[in-house]
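I set out to record how this protein is divided and what surrounds its ligand. The entries are kept in the order in which I looked things up.

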Amino acid sequence: MPSLRLANLIDGRLQAPRLDRWLDVFEPATGEVFAHCPDSSSDDVNDAVAAAQRAAPGWAATPAEERARLLHKLADLIETGLDDLAALESRDSGKTVAMARSLDIPRAVSNLRYFAAAIVPWSSESHAMEAGAINYTLRHPLGVVGCISPWNLPLYLFTWKIAPALAAGNTVVAKPSEITPCTAARLAELSIEAGIPAGVLNVVHGTGPGVGQAIVEHPQVKAISFTGSTRTGAQIAMSAAPQFKKVSLELGGKNPAVVFADADLSDANLDTIVRSGFANQGEICLCGSRLLVQRDIYDRFRERYLERVRALRVGDPSDASTNLGALVSRAHFDKVMGCIAQAREEGGNILCGGNAITQPGRLSGGWYVEPTVIEGLPSEALTNQQEIFGPVVTLIPFENEAEALHIANGTGYGLAASVWTSDLSRAHRFGAALDFGIVWINCWLLRDLRTPFGGTKQSGLGREGGVEALRFFTEPKNICIRY
Ligand code: NAD
């Protein structure tokens with residue numbers, strides 16, 4: 001099969017990068033190159049920003065109903081191409097086709113539809129004063145905004161940013177991860193087909209330093225919505241600060257799943273707890289990688305949990321019986337294997353997994369890791385402090401609620417936590433005390449797009465989702481009239 005050659009979308013046209021430089025894109029399942037993506041430069045970013053600036057007044061003046069119609073049209077096209085997009089997402093990222101079909105691509109559709117629907121009735125505040133005056137708030141689009149997304153949920157997170165930005169009347173210069181650029185490139189093509197006007201959505205492919213940094217530093221880019229690692233988030237915050245740009249930073253996590261002795265550990269709930277650690281090979285920022293279990297039930301829980309983890313099948317992402325596909329890249333595979341080696345050095349006891357897997361035939365060069373469960377490490381161990389972002393879960397026993405809270409909150413991150421208990425009072429009390437932006441009680445990854453999404457501490461700054469995203473992508477102006 002000839003390799004795919006992706007293009008930038010600038011000013012409504014699909015274009016090669018100015019310097020004609022290209023990056024290899026790998027298929028994680030095989031370790032082979034299957035596509036090439038533009039290795040764009042700041043010149044391409046400048047072109048994209050100029051196009052976005054030209055398009056900005058027209059798009060801001062376009063009625064919300066019309067912007068919504070175009071976003072729905074784009075969603076329709078994604079829905080029509082769901083099978084192809086799911087296969088492409090799987091090929092590009094190593095995730096299973098089943099996951100891409102049931103989660104990634106449908107969620108991209110929902111992101112577009114949600115913000116298309118939300119923008120039409122969106123209204124701003126007014127504040128009447130007894131002294132014979134009224135304030136009302138205008139919310140103008142910002143102009144040109146930058147959206148930068150990671151590799152783990154490629155189209156899902158790309159659309160999670162561009163949908164509210166476009167709905168609110170901004171024009172966008174977006175950069176998907178260079179590791180998984182394929183579905184964003186396809187989305188760019190579909191946006192032309194949907195009739196989104198030239199310059200409204202621009203997609204520039206390339207590396208973080210080459211393209212991402214140029215977007216962040218460009219003086220005409222008024223805000224940056226970023227999802228990715230804490231380290232890159234810190235760099236973006238530093239680059240954006242001197243220009244006082246708005247930034248929304250969705251960063252890493254080291255999430256706890258806390259299981260109390262009174263939890264309803266039905267088979268279905270246990271399956272969810274397993275999924276919360278290993279879905280998408282553990283490459284979801286919301287995965288619970290620290291599994292805290294109350295001592296009274298620890299032994300029995302561990303037995304039932306391990307039985308399920310051992311039954312997970314790692315293999316061909318396109319095989320319907322596969323639970324875990326390949327890790328996204330050689331570099332990430334090496335990182336995860338390094339974390340497992342570190343856990344061993346720290347004295348961790350590997351209860352299951354712990355090894356790379358070589359698949360037969362054409363998959364023999366792919367990057368596969370066994371689902372791995374480790375116990376015997378204190379909360380302060382590096383393994384329990386650093387984000388691994390792979391199929392690795394540590395088991396940590398606790399005695400009581402106070403200790404569980406201390407361990408759960410005892411990391412530098414604060415993205416998401418899940419709690420399993422039948423005690424309603426405890427659920428409320430514990431949920432409120434957790435220092436995390438998102439808490440799930442007796443569930444995991446149950447998402448309502450209206451809710452604020454984001455983390456505390458090193459997990460980020462600001463919130464996405466619902467009106468939070470629309471507020472981020474608009475500038476409020478108060479007008480006070482005395483009468
Ligand atoms: P990354 O930070 O390496 O890259 C993310 C994006 O930023 C990529 O498009 C990359 O090219 C770009 N980038 C890199 N350097 C840049 C720079 N200096 N300036 C501008 N852009 C730059 O992250 P990743 O490895 O792609 O993604 C994995 C990380 O993302 C994990 O830490 C994970 O927890 C996090 N994540 C967080 C959330 C969330 O919602 N909080 C969701 C998904 C992933």
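The entries below cover the domains, the ligand shell and one pair of helices.

**Entry 1. Domains.** I note at the outset that this is a predicted model. I looked up the domain assignment and found domain 1 (4-251 + 459-482) and domain 2 (256-448). I then took the centres of domain 1 and domain 2 over C-alpha atoms and found that 30 Å separate them.

**Entry 2. Where the domains touch.** I asked how many residues of domain 1 are in contact with domain 2. The count is 20 residues of domain 1, set against 22 residues of domain 2. On the domain 1 side, I listed the elements that give two or more residues to this contact, and they are helix 3 (82-93) and helix 4 (97-119). Helix 4 gives the most to that side, with 3 residues. By class, I recorded 9 nonpolar, 9 polar and 2 charged residues on the side of domain 1 that touches domain 2.

**Entry 3. The ligand shell.** I turned to the ligand and found 32 residues around it. Which of them come nearest? I noted P150, G208, G212, G228 and T232. The elements that give two or more residues to the shell are helix 7 (208-217) and helix 8 (230-240). Helix 7 gives the most, with 5 residues. I sorted the shell by class and obtained 11 nonpolar, 17 polar and 4 charged residues. I also checked the shell against the domain assignment: at least three of its residues come from each of domain 1 and domain 2.

**Entry 4. Helix 7 and helix 8.** As both helices contribute to the ligand shell, I examined how they are placed with respect to each other. What angle do the axes of helix 7 and helix 8 make where they cross? I found roughly 40°, with the axes coming within 9 Å. Angles under 35 degrees count as roughly parallel and 65 to 115 as roughly perpendicular, so I entered helix 7 as oblique to helix 8. Helix 7 passes helix 8 in a right-handed crossing.

**Entry 5. Residues at the crossing.** I listed the residues through which the two helices meet. Helix 7 brings G208, Q213, V216 and E217, and helix 8 brings T232, I236, S239 and A240. These residues divide into 3 nonpolar, 4 polar and 1 charged. I marked G208 and T232 in this list, since I had already entered both among the residues that come nearest to the ligand.

Notes
Residues numbered from 1 in each chain as written. Predicted model: local features only at pLDDT ≥ 70, side-chain atom pairs only at ≥ 80, totals over all residues. Near = placed C-beta within 6 Å. Helix = DSSP H or I, 4+ residues; strand = E, 2+ residues; numbered from the N terminus. Nonpolar A, V, L, I, M, F, W, Y, C, P; charged D, E, K, R; others polar. Domains from an automatic or database assignment. Axes fitted to C-alpha atoms, helices over the stretch in contact; angles between N-to-C directions. Parallel < 35°, antiparallel > 145°, perpendicular 65-115°, else oblique. Left-handed = near helix turned anticlockwise from the far one by under 90°. Contact = placed C-beta atoms within 7 Å.
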